[in-house]
Amino acid sequence: MKKERMNFKNLREYLAWLYYQYLLITGIYVLEPWEKSIFNSILFSAIAMVVYTSYVFVPIHVRLALEFFLGIFGGQPESTMALMT
């Protein structure tokens with residue numbers, strides 16, 4: 001039980017250190033609390049939009065690029081594939 005508590009304490013200290021590094025790197029440690037919350041909201045909203053857009057649109061573009069390059073470099077057209085199956 002004691003070892004699990006130590007791991008939790010170490011994890012908590014590590015997360016606190018990471019948050020402190022985030023504050024230092026972005027320079028928001030000098031802002032008021034309401035300014036920090038606005039900055040964090042905008043930053044995390046932008047990150048969420050990038051992740052969502054990547055999740056939705058990147059696979060489509062990769063598939064289209066693969067079809068394009070397979071067509072250029074000698075891949076069989078879809079109609080020939082349909083006849084073979």
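The following exchange concerns a predicted model and its confidence, aromatic pairs and surface.

Visitor: Which helix has the highest confidence, and which the lowest?
Guide: The model is predicted, and its mean pLDDT is 85, with 80% of residues reaching 70 or more. Where pLDDT is low, the predicted coordinates should not be read in detail. Confidence is highest, at a mean of 92, in helix 2 (residues 33–72), and lowest, at a mean of 57, in helix 3 (residues 78–84).

Visitor: How many aromatic pairs does the structure hold?
Guide: Two rings are paired when their centres lie within 6.5 Å. On that criterion, the number of aromatic pairs in the structure is 5.

Visitor: Is the pair of Tyr14 and Trp17 stacked or edge-to-face?
Guide: The ring centres of Tyr14 and Trp17 are 6.0 Å apart, and the angle between their planes is 25°. Planes under 30 degrees apart meet the criterion for stacking, whereas edge-to-face requires over 60. The pair of Tyr14 and Trp17 is therefore stacked.

Visitor: Where do Tyr14 and Trp17 both lie?
Guide: Tyr14 and Trp17 are 3 residues apart, about one turn of the helix. The element that holds both is helix 1 (residues 2–26).

Visitor: Is Trp17 buried or partly exposed?
Guide: Buried residues have under 20% relative accessible area, and exposed residues over 50%. The value for Trp17 is 45%. Because this value falls between the two limits, Trp17 is partly exposed.

Visitor: Is the pair of Phe68 and Phe69 stacked or edge-to-face?
Guide: The ring centres of Phe68 and Phe69 lie 5.2 Å apart, with the planes at 70°. An angle over 60 degrees is the condition for edge-to-face. The pair of Phe68 and Phe69 is therefore edge-to-face.

Visitor: Which residues do ring pairs link into a cluster?
Guide: Ring pairs here join three named residues. The cluster consists of Tyr19, Tyr22 and Phe44.

Visitor: Which residues make the nonpolar surface patch of about 630 Å²?
Guide: A residue needs over 30% relative accessible area to enter a patch. Tyr14, at 45%, is partly exposed, and Trp17 likewise has 45%. The patch is made by Phe8, Leu11, Tyr14, Leu15, Trp17 and Leu18.

Visitor: Which residues does Asn40 touch, not counting residues up to four places away in sequence?
Guide: Asn40 lies in helix 2. Its relative accessible area is 15%, so Asn40 is buried. Beyond four places in sequence, Asn40 touches Tyr22 and Ile28.

How values were computed:
Residues are numbered from 1 along each chain as its sequence is written. This is a predicted model: local features need pLDDT of at least 70, side-chain atom pairs count only at pLDDT 80 or more; totals for chains, interfaces and linings use all residues. Side-chain values use heavy atoms; hydrogens and water are left out. Helices (H or I, at least four residues) and strands (E, at least two) are DSSP runs, numbered from the N terminus. Buried means under 20% relative accessible area, exposed over 50%, partly exposed in between (1.4 Å probe, protein chains only). Patches are made of residues with over 30% relative accessible area and no salt bridge: like charges are joined within 9 Å, nonpolar side chains (Val, Leu, Ile, Met, Phe, Trp, Tyr) within 5 Å. Accessible areas come from the Shrake-Rupley method with a 1.4 Å probe; for residues, only the protein chains shown count as cover. A salt bridge is a side-chain nitrogen of Lys or Arg within 4 Å of a carboxyl oxygen of Asp or Glu. pLDDT is the predictor's confidence in each residue, from 0 to 100. Contact means heavy atoms within 4.5 Å.
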